[in-house]
Amino acid sequence: MKLFYTYDEFESDARTLAKSLKNEGFDAIIGVARGGFFLAARLAYLLGIRQLHSVSVTQYKGSEQGSVNICSLPELAGAKKVLVCDDICDSGACLSALMSELRQSSSSEFGSATLFYKNTAIFKPDFYAKQALGWIVFPWEVDALGEEF
């Protein structure tokens, strides 16, 4: 079952997450490229956080899962508490590996937030907007409109 997630739903869920996060003391945000960067950027605006970073974590090629690959960890100089954002915590392997790597390489405190969380995942984000019950098609994905470029 595919769920076509809209920009209006995204805005509503980002605002809901921002309300939950506003008193948590985050001073930096990392968006997992590509899908998590949309949430990271929106939360940075909503929460007034100017330190915004990106990290590349890959596991999927199309709909096939592979091994987790983390590239380009950001420099977090001066960040005390960092929020890591992704669009979905599906298997949980990407977020689990990334959070472990970040905690080993930085003295900052870390939290995590996603738009969707699957309860079968091996990692549970600290904050999430909705539980995923099927395949989510985000509006920023190429096939969201059924078109190829």
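# Exercises on charged pairs and cysteines

The structure holds six salt bridges, a salt bridge being a side-chain nitrogen of Lys or Arg within 4 Å of a carboxyl oxygen of Asp or Glu. This is a predicted model, in which local features need pLDDT of at least 70 and side-chain atom pairs count only at pLDDT 80 or more, while totals for chains, interfaces and linings use all residues. Residues are numbered from 1 along each chain as its sequence is written, and side-chain values use heavy atoms, with hydrogens and water left out.

**Exercise 1.** Find the salt-bridge partner of R15 and work out where the two residues lie.

Solution. Begin with the atoms: R15 pairs with E11, and their closest N and O atoms are 2.6 Å apart. Next, place the pair in helix 1 (residues 7-21), where R15 and E11 are four residues apart and therefore separated by about one helical turn; helices (H or I, at least four residues) and strands (E, at least two) are DSSP runs, numbered from the N terminus. Then turn to accessibility, for which buried means under 20% relative accessible area, exposed over 50%, and partly exposed in between (1.4 Å probe, protein chains only). R15 is partly exposed at 42%, and E11 is partly exposed at 23%.

**Exercise 2.** Determine which elements are tied together by the salt bridge between K81 and E109.

Solution. The closest N and O atoms of K81 and E109 are 3.9 Å apart. K81 belongs to strand 5 (residues 81-89) and E109 to strand 6 (residues 109-117), so this pair ties together parts that are 28 residues apart in sequence. As for accessibility, K81 is buried, with a relative accessible area of 15%, whereas E109 is partly exposed at 46%.

**Exercise 3.** Describe the surroundings of K118, beginning with its salt bridge to D90.

Solution. The side chains of D90 and K118 meet in a salt bridge of 3.2 Å, taken from N to O. D90 sits in the loop between strand 5 and helix 3 (93-105), and K118 in the loop between strand 6 and strand 7 (127-131), so that the pair links distant parts of the chain, 28 residues apart. D90 counts as buried at 16% relative accessibility, and K118 is buried with a relative accessible area of 16%. To complete the picture, set aside the neighbours of K118 within four places in sequence: K118 is then in contact (heavy atoms within 4.5 Å) with I88, C89, D90, A132 and G134.

**Exercise 4.** Establish how many disulfides the structure has, and examine C89.

Solution. A disulfide is a pair of cysteine sulfur atoms within 2.5 Å, and by this rule the count comes to zero. For C89, the closest cysteine sulfur is that of C94, at 8.9 Å, which is too far for a bond. C89 counts as buried at 2% relative accessibility, and C85 is buried with a relative accessible area of 0%.

**Exercise 5.** Locate S108 and identify what its side chain reaches.

Solution. S108 lies in the loop between helix 3 and strand 6, where this residue is buried, with a relative accessible area of 10%. Its side chain reaches the backbone oxygen of A79 at 2.6 Å. Leaving aside neighbours within four places in sequence, S108 is in contact with L76, A79, K80 and V82.

Terms used. Polar contact = N/O pair within 3.5 Å; in protein donor to acceptor, adjacent residues only side chain to side chain.
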